Each structure stands twice: as C-alpha cells, then as structure tokens.
Amino acid sequence: MPTADWLRAVYDRMRSHFGPQHWWPAETPFEVMVGAILTQNTAWKNVERALANLKGAGVMSLAALSELPTALLAEYIRPAGYYNIKAGRLHNLLHRITDQYGDDLQAFLGQPLPQLREQLLAIKGIGRETADSILLYGAGLPIFVVDAYTHRILLRHQVIDEDCGYEAIQELFMDNLDCDAQLYNEYHALLVRVGNGYCKKKNPLCAACPLQGM
DNA sequence: CACCAGGCAAGTA
DNA sequence: TACTTGCATGGT
C-alpha cells in the first residue's frame with residue numbers, strides 16, 4: 001500500500017472513531033505559545049493547572065507576562081514541572097517578541113512561515129516541535145507537528161525505523177498529504193489522542209487500538 | 001516503589 | 001557528530 005494511501009487511511013480511521021478534536025486546547029494564539037512551552041515533556045493536565053494559576057493572577061497576556069519577574073513566573077507555573085527552566089524559556093520567547101514587535105503579537109505571528117520558524121528556533125528553549133506547534137496552532141500556518149507519539153505510532157506500524165529523525169517524519173506527512181493547515185491540525189491532534197489512549201510505552205500490544213491491523 | 005508525560009539544551013568525547 | 005545528563009511536577 002502506497003504511503004500516501006496509508007496515511008490517508010489512518011487519518012480516516014482515527015477521524016471516524018474519535019471525531020473532531022478541536023485543537024489546540026487554548027482560547028488565544030498567545031495561550032497556544034505559552035502552553036506549547038509548558039507542555040514540553042509534561043502531561044497536559046499539569047499544564048492546565050499552570051495556565052489556571054496565570055489566569056487567576058490576571059497575567060495571561062503578552063504585556064503582563066513579559067513584565068513578570070522570572071522568579072514569580074516560576075512559582076505560577078510550578079505544577080507544569082521544570083518550572084525554573086520553563087520560566088526562562090517563556091521569558092526568552094516573550095522578550096524576543098516585545099523587543100521587536102512591542103505588544104503586536106499579530107505582527108509577529110503574521111510573518112511568512114519559513115521566516116517565523118527560523119525566528120522561533122533561534123530562541124533558547126524552543127525546539128522543532130514547540131516551534132511547529134506555535135506555527136500550526138498559533139499562527140494557522142501549514143506545517144506538520146511531529147511528537148513522541150507520532151514517532152512511536154509510525155514505528156509500531158513499521159512505517160519508519162527507530163532512528164528516523166524529526167524532519168524525515170515531517171516530510172513523510174507533508175510530501176504525502178495535501179498542504180492543508182486544517183488537515184495537519186486534526187491529524188496531529190488525533191495521533192495524540194491515539195497515543196494517550198492506546199499507544200503508550202507501557203502498552204506495547206496496543207490492545208483495542210482503532211489502528212489495529214493497519 | 002518505579003515509570004511516564006504533547007522536549008530541549010548543555011556537557012562530554 | 002553522537003551520546004549522556006539535568007530539569008520536576010503529578011498521575012498510574
């Protein structure tokens with residue numbers, strides 16, 4: 001079965017089994033950016049607590065959060081883990097934006113995709129997955145997000161081998177699917193749903209997985 | 001108790 | 001370039 005057909009079949013199977021996922025779970029592009037850093041190697045549930053702390057403190061905006069002392073920011077985001085590291089990473093991102101664009105987040109996110117991706121990757125604390133999550137879910141740009149679940153699911157279905165890198169997986173999707181931000185959005189969200197529910201490390205048999213047999 | 005979760009950067013050789 | 005390690009909370 002050709003790769004393009006397999007990828008489409010997997011999408012159709014997940015989509016009909018789970019329905020639309022309505023990702024990213026955030027109210028604004030700004031919240032997408034903050035959540036993207038907070039969720040690095042961390043369960044989303046813990047990120048929700050951190051975001052609730054920030055909202056409760058009334059600092060969930062570019063202007064307020066960028067002015068917050070890093071030590072205080074770290075306390076608010078403590079439930080998300082790695083809180084000192086992530087406070088610094090948020091600081092790096094927010095100040096890179098305000099230094100060049102002031103409070104005009106739209107101007108920052110409105111840049112051409114390659115240019116914005118390059119700027120994000122130049123920020124310490126933002127790697128490929130975090131950058132691509134911001135591009136796709138924050139800026140609405142058509143780029144496929146690859147994460148640990150994506151790698152694991154493709155590996156278990158023997159579509160890739162263990163040492164297949166980020167770009168190779170990303171190109172696998174983008175070369176074989178229509179260039180469509182909404183499709184990439186839903187596809188990645190569904191892969192995470194399968195990962196959370198069935199394709200965990202501790203669940204190597206993937207029992208009852210909707211992708212069984214593919 | 002051990003292991004895992006929607007990574008990333010810095011250190012080492 | 002290719003490994004290894006630190007970062008840290010909360011759920012299973």
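## A walk from the DNA to the core

On the surface near DNA strand C, helix α6 makes the largest contribution, with three residues. Keep in mind as you look around that this is a predicted model. Two helices, α3 (44-56) and α6 (83-101), each provide at least two residues of that surface. If you would like to select the residues around DNA strand C in your viewer, pick Asn41, Thr42, Ala43, Lys45 and Asn46, then Arg78, Pro79, Gly81, Tyr82, Tyr83, Asn84 and Ile85. Sorted by class, the surface near DNA strand C has five nonpolar residues, five polar ones and two charged ones.

Now turn to the other strand. Around DNA strand B there are 27 residues, and those that come nearest are Gln40, Asn41, Gly127, Thr130 and Ala148. Three helices, α9 (128-138), α10 (148-156) and α12, give two or more residues each to the surface near DNA strand B. Of the elements there, α9 gives the most, with four residues. The class count for the surface near DNA strand B is ten nonpolar, ten polar and seven charged residues. Asn41 is worth a second look, since this residue is listed around DNA strand C and is also among those that come nearest to DNA strand B.

Let's step back to the chain itself. Chain A is split into domain 1 (3-21 + 143-197) and domain 2 (29-138). Between the C-alpha centres of domain 1 and domain 2 the distance is 25 Å. Where the domains meet, eight residues of domain 1 are in contact with eight residues of domain 2. On the domain 1 side, helix α12 (residues 181-197) supplies the largest share, three residues. That side of domain 1 consists of six nonpolar residues, one polar residue and one charged residue. Helix α12 therefore deserves a place in your picture twice over, as it also gives two or more residues to the surface near DNA strand B.

Finally, look inside. In soluble globular proteins, nonpolar side chains tend to be buried together. Here the largest nonpolar core has 52 residues, and the members that touch the most others are Ala50, Ile134 and Leu135. Both domain 1 (3-21 + 143-197) and domain 2 (29-138) contribute at least three residues to this core. Which residues is Ala50 in contact with, leaving aside its neighbours within four places in sequence? They are Leu38, Tyr76, Ile77, Pro79 and Ala80. One of these partners, Pro79, takes you back to the start of the walk, because Pro79 is also listed around DNA strand C.

Definitions and conventions. Residues are numbered from 1 along each chain as its sequence is written. Chains are lettered from A and ligands numbered from 1 in the order in which they are written. This is a predicted model: local features need pLDDT of at least 70, side-chain atom pairs count only at pLDDT 80 or more; totals for chains, interfaces and linings use all residues. A residue is near a molecule or strand if its C-beta atom, placed from the backbone, lies within 6 Å of it. Ala, Val, Leu, Ile, Met, Phe, Trp, Tyr, Cys and Pro count as nonpolar, Asp, Glu, Lys and Arg as charged, and the others, Gly among them, as polar. A nonpolar core is a set of buried Ala, Val, Leu, Ile, Met, Phe, Trp, Tyr and Cys residues joined through C-beta atoms within 7 Å. A residue is buried if 20 or more other C-beta atoms lie within 10 Å of its own, exposed if 12 or fewer, and partly exposed in between; C-beta atoms are placed from the backbone. Domain bounds come from an automatic or database domain assignment. Two residues are in contact if their C-beta atoms, placed from the backbone, lie within 7 Å.
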